[in-house]
Amino acid sequence: MLPSARMLKFNDKIVDAVTPYGSLHFLAKLKTKYRYKQLNKQSKNIVLNSVLKLLDKWSLTEEEKQNVLGFELNNTPQTLSPEHELRLSILLDIHANLRQLFSNPTNVYGYMTMVNHNAPFNGSRPIDLACESFEGLHSVRDAIKSINTL
């Protein structure tokens, strides 16, 4: 049994969900081992709240948040669909890649709203492409991941 409702268990490690090494940062570091569908409902809610905090740190508008999440914030579904779960996973993956790519918080949290002239952004912001569609969100993740492999 976990010590409190704030605690999460991953690979036999127990972490506090609200600390900097809690769900947001810990899950981002475990991106390759992380499987969202294996989490229980309570853990999924903690991940959703962590992603919402991440979107706040990216300084997104309410409309951008809704577009990238795929649902209205004032109408959060009781049960997340597989697509919604995958969107959350991709957002955490983007964050993990940005943390690997940049050492300063300005770039880690500001990258998504900065104009980028490289493909596939071509003068737009990464968040603009991510908000267009699920495929756009996936393209943003792939573009950032490809930078990490250079």
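Helices here are DSSP runs of H or I with at least four residues, numbered from the N terminus. The model is predicted.

**Exercise 1. Backbone exceptions in the loops**

Task: Locate serine 59 and asparagine 122, state the sign of phi for each, and classify each as buried or exposed.

Solution.
1. Serine 59 sits in the loop that runs between α2 (41-57) and α3.
2. Its phi is near 60°, which is positive although the residue is not glycine.
3. The relative accessibility of serine 59 is 58%; exposed requires over 50%, so serine 59 counts as exposed.
4. Asparagine 122 belongs to the loop between α5 and α6, and its phi, near 50°, is likewise a positive value in a residue other than glycine.
5. With 59% relative accessibility, asparagine 122 counts as exposed.
6. For background, most residues other than glycine have a negative phi, and most peptide bonds are trans.

Task: Which residues does the cis peptide bond join, and where is proline 120 found?

Solution.
1. The cis bond links alanine 119 to proline 120, with omega about 5°.
2. Proline 120 is in the loop between α5 and α6 (126-132).

**Exercise 2. Packing of α3 on α4**

Task: Describe how the axes of α3 and α4 are arranged, and assign the pair to an angle class.

Solution.
1. Two packed helices are described by the angle between their axes and the distance between the axes.
2. For helix α3 (residues 62-69) and helix α4 (residues 82-101), the axes come within 9 Å and cross at roughly 115°.
3. The class that runs from 65 to 115 degrees is roughly perpendicular, so α3 is roughly perpendicular to α4.
4. On the α3 side the contact is made by Asn67, Val68 and Leu69; on the α4 side by His84, Arg87, Leu88 and Leu91.
5. By type, the residues of this contact are 4 nonpolar, 2 polar and 1 charged.

**Exercise 3. The aromatic pair and asparagine 107**

Task: How many aromatic pairs are there, and what is the geometry of the pair formed by phenylalanine 102 and tyrosine 111?

Solution.
1. The count is 1 aromatic pair.
2. Phenylalanine 102 and tyrosine 111 have ring centres 5.8 Å apart and planes at 40°, and the pair is tilted.
3. Tyrosine 111 has 8% relative accessibility and therefore counts as buried, the cut-off being under 20%.
4. Phenylalanine 102, at 22%, counts as partly exposed.

Task: Place asparagine 107 and list its contacts beyond four places in sequence.

Solution.
1. Asparagine 107 is part of helix α5 (residues 105-110).
2. Setting aside residues up to four places away in sequence, asparagine 107 touches Phe102 and Met114.
3. Its relative accessibility is 24%, so asparagine 107 counts as partly exposed.
4. Between the C-alpha atoms of asparagine 107 and tryptophan 58 the separation is 9.9 Å, while the two residues are 49 apart along the chain.

**Exercise 4. The largest nonpolar core**

Task: Which residues of the largest nonpolar core touch the most other members, and which element gives the most to this core?

Solution.
1. The largest nonpolar core has 30 residues, of which Trp58, Val68, Ile94 and Met112 touch the most other members.
2. Two or more residues come from each of α2, α3, α4, α5, α6 and α7 (134-148).
3. α4 gives the most to this core, with 6 residues.
4. Leaving out neighbours within four places in sequence, isoleucine 94 contacts Trp58, Met112, Leu137, Val140, Arg141 and Ile144.

Terms used: Residues numbered from 1 in each chain as written. Predicted model: local features only at pLDDT ≥ 70, side-chain atom pairs only at ≥ 80, totals over all residues. Heavy atoms only, no water. Buried < 20%, exposed > 50% of the residue type's maximum accessible area, 1.4 Å probe, protein only. Contact = heavy atoms within 4.5 Å. Axes fitted to C-alpha atoms, helices over the stretch in contact; angles between N-to-C directions. Parallel < 35°, antiparallel > 145°, perpendicular 65-115°, else oblique. Nonpolar A, V, L, I, M, F, W, Y, C, P; charged D, E, K, R; others polar. Phe/Tyr/Trp six-rings, centres within 6.5 Å; stacked < 30°, edge-to-face > 60°. Core = buried A, V, L, I, M, F, W, Y, C linked by side-chain atoms within 4.5 Å.
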